[in-house]
Amino acid sequence: MRESIWALAESNYHENSPSFERLAAAVDAYGSRYTQLFQELPNTREGRNVALSEIGLLTQQVSQLTSEESDFLGRQVEEDNQMLRRSTLQSNTLIGFLLLSGVSASIVIFFQGNRLMVDPLVNLTDSVKEIQRGNFELTLPVRNSTDEIAQLIPAFNDMASELRLMRRTTDEKLLKSDQQSRTILANFPHPIVLLSNEGTIEKMNPSAEELFEQMGILGALPRNISERVNEAISSNKELLVERLDEALLLRVDESEHFYLPRIFRLSDNMETTGGWALLLINVTRLRFFDDMKSNLISTVSHEIKTPLTGIRMVLLLLLEKKVGELNELQEEMLTSAQNDCERLLETLRNLLEMSRMDSGASSLNCEEIAPLELVEPIVSNFAPLAEEKDLNLKIEIPDETPNILVDRIRISEVLNNFLSNAIKHSPQGGTITVTARPVKSDYVRIGVYDEGEGVPEEAKPHIFERFYRAPGQNNVEGIGLGLSIAREIVSAHEGRIGYLRTSEDRTLFYCNLPRI
């Protein structure tokens with residue numbers, strides 16, 4: 001038992017207990033007496049009572065010493081608990097201090113890192129925004145560091161420096177360009193007016209100011225010009241007038257002047273324009289000479305036509321032998337004279353027609369007509385002439401071709417000219433084809449194909465000019481007015497006339513006419 005007590009004592013640290021030795025001795029005495037009692041049990045009652053009394057005293061002594069030892073152990077445990085609590089408190093204090101130190105260090109590191117890393121990024125971002133706003137004078141301080149941001153700052157400063165240089169160069173170029181534009185605008189002889197997208201006047205050159213001041217409308221546009229400007233802006237289409245008969249009449253200092261208005265955009269972008277410009281070209285002298293020319297042609301044509309008609313009648317009477325018989329030579333000479341007279345009359349008719357068109361006297365009587373219905377009678381009229389030259393004359397017009405809105409008589413003159421030229425220039429045995437087909441969304445193209453040699457390259461830009469004849473055509477009848485008159489007729493229909501040399505070595509003359 002003593003070994004058990006010692007084990008208990010060692011396990012609970014009883015070495016420093018004041019009653020531990022006595023408890024151990026009492027336990028040993030109790031164990032010895034108890035063993036002795038069982039080995040030498042008294043035979044008498046009195047002996048047994050004495051032994052039991054001794055055992056009781058020993059038990060009481062062990063209990064008392066056990067109680068003392070228990071009190072000691074309790075005090076010892078309490079002291080240990082207090083010591084443990086003090087250790088725990090110290091540990092908690094140390095942990096709290098370490099935690100607080102760690103948080104403080106984190107805060108310091110965060111703000112220091114923010115100052116070293118985030119602040120340069122914010123400054124760089126703000127600097128980029130300043131660059132976007134055009135502040136190229138801004139530079140960032142260079143830091144003594146090897147990080148990426150420190151390496152980026154010199155590159156940013158170099159970029160800002162290049163942008164400053166570029167802006168100065170661009171400003172100089174813009175200033176020079178503006179000065180040149182102002183000089184050109186100020187010295188340009190024709191009136192120029194710069195307009196906003198709404199058509200209000202923003203600027204004008206001295207020529208325009210002088211013109212409007214003479215008209216007494218400084219700061220505003222004349223009504224007929226204002227109508228053209230509003231028309232161009234509302235339709236968003238440039239108005240580039242070139243024909244003299246479309247010139248506008250303006251009264252300047254009680255005299256009449258004619259101006260060609262040219263209205264165009266100030267930007268190449270077709271969707272978002274930067275305004276409009278109005279250019280007025282004074283064509284008063286050109287209009288005067290053109291009118292004089294037209295009047296002269298008309299007068300001369302009328303003066304010649306009357307006696308020529310009389311000559312034609314005399315020749316006709318002679319050829320019909322109303323005044324006597326003719327020999328073969330006389331008949332041949334009179335026939336040649338009659339043919340020349342007919343050609344002169346046709347030339348006069350063309351000159352008079354051209355004069356009427358130039359003066360604006362020609363009016364159109366438009367009607368809806370099918371292309372095939374328009375073409376068939378014309379082709380039938382030329383069929384005998386084509387047969388004489390052994391030419392194959394055919395029509396290729398699909399039934400579904402849209403109808404056109406034209407003046408039948410005027411357009412017939414155009415097609416007559418196309419077919420006449422095709423027959424003149426086609427080789428014997430060739431084929432002439434009349435076609436019609438829709439083009440784009442607003443027009444029908446009526447064309448005449450032939451297998452002739454075509455128009456010489458140097459003559460292509462001039463074939464629709466008045467009195468022009470291509471080189472090598474001196475033996476061909478006509479004075480070069482047919483295609484010019486055809487162009488005027490097609491233009492009056494708001495169409496387009498043209499010439500093409502196809503890949504099949506065929507020549508095509510065509511006119512695009514408005515469809516229904």
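**Close-up 1. Glu 78 and its salt-bridge partner, Arg 85.** In this predicted model, Glu 78 is partly exposed, with a relative accessible area of 38%. That value falls between the 20% that ends "buried" and the 50% where "exposed" begins, which is why Glu 78 gets the in-between label. Its side chain meets that of Arg 85 in a salt bridge, 3.5 Å from N to O. Side chains of opposite charge can pair like this when their charged atoms come close. By the rule used here, the count comes to 11 salt bridges, and the next two views show others.

**Close-up 2. Arg 408 and Glu 373, a bridge between two helices.** Here Arg 408 forms a salt bridge with Glu 373, and the closest N and O atoms are 3.4 Å apart. This pair links distant parts of the chain: Arg 408 belongs to helix H10, Glu 373 to helix H9 (residues 371-388), and 35 residues separate them. Buried or exposed, or something in between? Arg 408 is partly exposed at 27% relative accessible area, and Glu 373 is partly exposed too, at 44%.

**Close-up 3. Glu 488 beside Arg 487.** Glu 488 forms a salt bridge with Arg 487, with 3.5 Å between the closest N and O atoms. Glu 488 is buried, its relative accessible area being 9%, whereas Arg 487 counts as partly exposed at 28%. Back at the helix pair, salt bridges that share partners join Glu 367, Glu 373 and Arg 408 into one network.

**Close-up 4. The largest nonpolar core.** Which residues have the most contacts inside this core of 49 residues? They are Phe 418, Leu 419 and Ile 446. Helix H10 (residues 408-425) gives the most to the core, with 7 residues. Nonpolar side chains tend to be buried together in soluble globular proteins. Apart from this core lies another, of 19 residues, including Val 193, Ala 232, Ile 263 and Trp 276.

**Close-up 5. Around Ile 446.** Leaving out residues up to four places away in sequence, Ile 446 touches Leu 374, Val 375, Ile 404, Leu 415, Thr 435, Ala 436, Phe 509, Tyr 510, Cys 511 and Leu 513.

**Close-up 6. Ser 412 on helix H10.** Ser 412 lies in helix H10. Its relative accessibility is 15%, so Ser 412 counts as buried, the cut-off being under 20%. What does Ser 412 touch, not counting residues up to four places away in sequence? Its contacts are Leu 374 and Ile 378.

Note on methods:
Residues are numbered from 1 along each chain as its sequence is written. This is a predicted model: local features need pLDDT of at least 70, side-chain atom pairs count only at pLDDT 80 or more; totals for chains, interfaces and linings use all residues. Side-chain values use heavy atoms; hydrogens and water are left out. A nonpolar core is a set of buried Ala, Val, Leu, Ile, Met, Phe, Trp, Tyr and Cys residues joined through side-chain atoms within 4.5 Å. Buried means under 20% relative accessible area, exposed over 50%, partly exposed in between (1.4 Å probe, protein chains only). Helices (H or I, at least four residues) and strands (E, at least two) are DSSP runs, numbered from the N terminus. Contact means heavy atoms within 4.5 Å. A salt bridge is a side-chain nitrogen of Lys or Arg within 4 Å of a carboxyl oxygen of Asp or Glu.
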